[in-house]
Amino acid sequence: MIKQVAFRKTFLLLLFQLLLHNFIILQSLSRSTASAYISPNIIYKRILNIMSIEDSRLFPVPGIVQEDIQLKEKENRAERIQQQFQQQQQDLYQFQQQQQQQQQQTIIQNSPPKIPLKADSTALLIVDVQPEYWTHCPSVRKDFPKFEQNLKRTIDICRKQKAKIIWVRADYKYIHSPWLVQFDRLNGGNRPDTKSEIPCDPESEDFAWEDFATPEGDEIVIAKKSWNSASNTALMDVLKKEGIENVLVCGLITSVCVQHSAFSVFEAGYRTLLVEDSCGDRGMARHQAALTLYGNYMYEITSSKELEDENSGLQAEHPNWVTNAFFRTSNAP
């Protein structure tokens, strides 16, 4: 009787190992098909069930099954770590959004009373809105998906109200932009979408405007050799000649050329307003940092929608009708 039990156990063990071995081979061949693959651990449990073996201790877990169990545990651990990382990233993003909203509210709360803008004494300064800083610059487009429509709204309202529109383009060359040498030393190779030399040659095949932002009619275009739109350019002469008192500044990049250009206008004594939603930067954090530092300190903050406001926005001048009664009243003793 004892020999029969031992023989039965040995026979079942051999049969078990044979079945498991064959199953694993078949599954290894089909592993490339994820839907058909069954792990060795699952095969092991199914064979125990098919053979009505209740006590799995009679048949120790084979090495390949142990490896499969360990691999699965590693995959589960890696998945948990990935989920934790994604949650942390989401929490960080939400925190940054809250910080940005708080900064915007602070700027709005500290804003001076709105003073209407007279279109005939207002100029719109559009800085560096060109393919090098928008179409070919994904780091800017990423955080400013509404830039195009906001800038277009700003341009449309200024054209409608007949404000002076001035376009400024980068014209960066080593021959007349000495700062490029130091810029390359500090940034060379660090930003794949940042170029050093950006020539401004309307006759070149590479010269282009953005479809949503292109000069029309007698609008002025100025090429600048540095970040400052007024440095060695005709900008100040144009503002003086046109009788400008207020300058709306917008464009790319908020913390660089837009900021430097706004400062030059402010320094010259003009009322300076930054059209916040018509600007963009290499990341929202940089954009917000510039506004937090200088908004309502150096320049006022406005938006494309605020410019449309009939009471505090950009207002066109209307003819003053004068009657004989006006003169009789004004000349009365």
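In which sense do strand E2 (residues 122-127) and E3 pair, and over how many bridges? They run parallel, with five bridges between them; strands count as paired when DSSP finds at least two bridges between them. Please keep in mind that this is a predicted model, in which local features need pLDDT of at least 70 and side-chain atom pairs count only at pLDDT 80 or more, while totals for chains, interfaces and linings use all residues. Residues are numbered from 1 along each chain as its sequence is written, and side-chain values use heavy atoms, with hydrogens and water left out.

**Overall picture**

- The protein has eleven helices and eight strands; these are DSSP runs numbered from the N terminus, with helices (H or I) of at least four residues and strands (E) of at least two.
- Of its 333 residues, 38% are buried, where buried means under 20% relative accessible area, exposed means over 50%, and partly exposed lies in between (1.4 Å probe, protein chains only).
- Among contacts with a separation of 6 or more, 79% are between residues 24 or more positions apart; a contact means heavy atoms within 4.5 Å.
- About 21000 Å² of the protein is exposed, and carbon and sulfur atoms supply 53% of that area, as computed by the Shrake-Rupley method with a 1.4 Å probe.

**Strand E3 and its neighbours**

- Strand E3 (residues 164-170) has seven of its seven residues buried, so the rest of the structure largely encloses it.
- In a regular strand, side chains alternate between the two faces of the sheet.
- From E3, Lys164, Ile166, Val168 and Ala170 point one way, while Ile165, Trp167 and Arg169 point the other way.
- Where E2 meets E3, leucine 124 has isoleucine 165 as its bridge partner.
- E3 also runs parallel to strand E4 (residues 220-224), again with five bridges, and here alanine 170 is partnered by lysine 224 of E4.

**Helix H9**

- In helix H9 (residues 284-294), the buried residues are Met284, His287, Gln288, Ala290 and Leu291.
- Viewed down the axis of H9, these buried residues fall within an arc of 155°, so they line one face of the helix; the arc is that of the directions from the helix axis to the C-beta atoms.
- Ala285 and Leu293 are exposed on the other side of H9.
- Asparagine 296 follows H9 and has a positive phi, near 60°.

**Salt bridges**

- Side chains of opposite charge can pair when their charged atoms come close.
- There are seven salt bridges, each being a side-chain nitrogen of Lys or Arg within 4 Å of a carboxyl oxygen of Asp or Glu.
- Glutamate 219 and arginine 159 form a salt bridge, 2.7 Å from N to O.
- Because glutamate 219 sits in the loop between helix H6 (180-187) and E4, and arginine 159 in helix H5 (residues 147-160), this pair ties together parts that are 60 residues apart in sequence.
- Glutamate 219 is buried, at 16% relative accessible area, whereas arginine 159 is partly exposed, at 24%.
- Glutamate 300 and arginine 271 also form a salt bridge, with their closest N and O atoms 2.8 Å apart.
- That pair links distant parts of the chain, with glutamate 300 in strand E7 (residues 300-302) and arginine 271 in strand E6 (residues 271-280), 29 residues apart; both residues are buried.
- Arginine 286 pairs with aspartate 281 in a salt bridge, the closest N and O atoms being 3.2 Å apart.
- In this pair, arginine 286 is partly exposed at 34% relative accessibility, while aspartate 281 is buried at 0%.
- Arg159, Glu216 and Glu219 are joined into one network by salt bridges that share partners.
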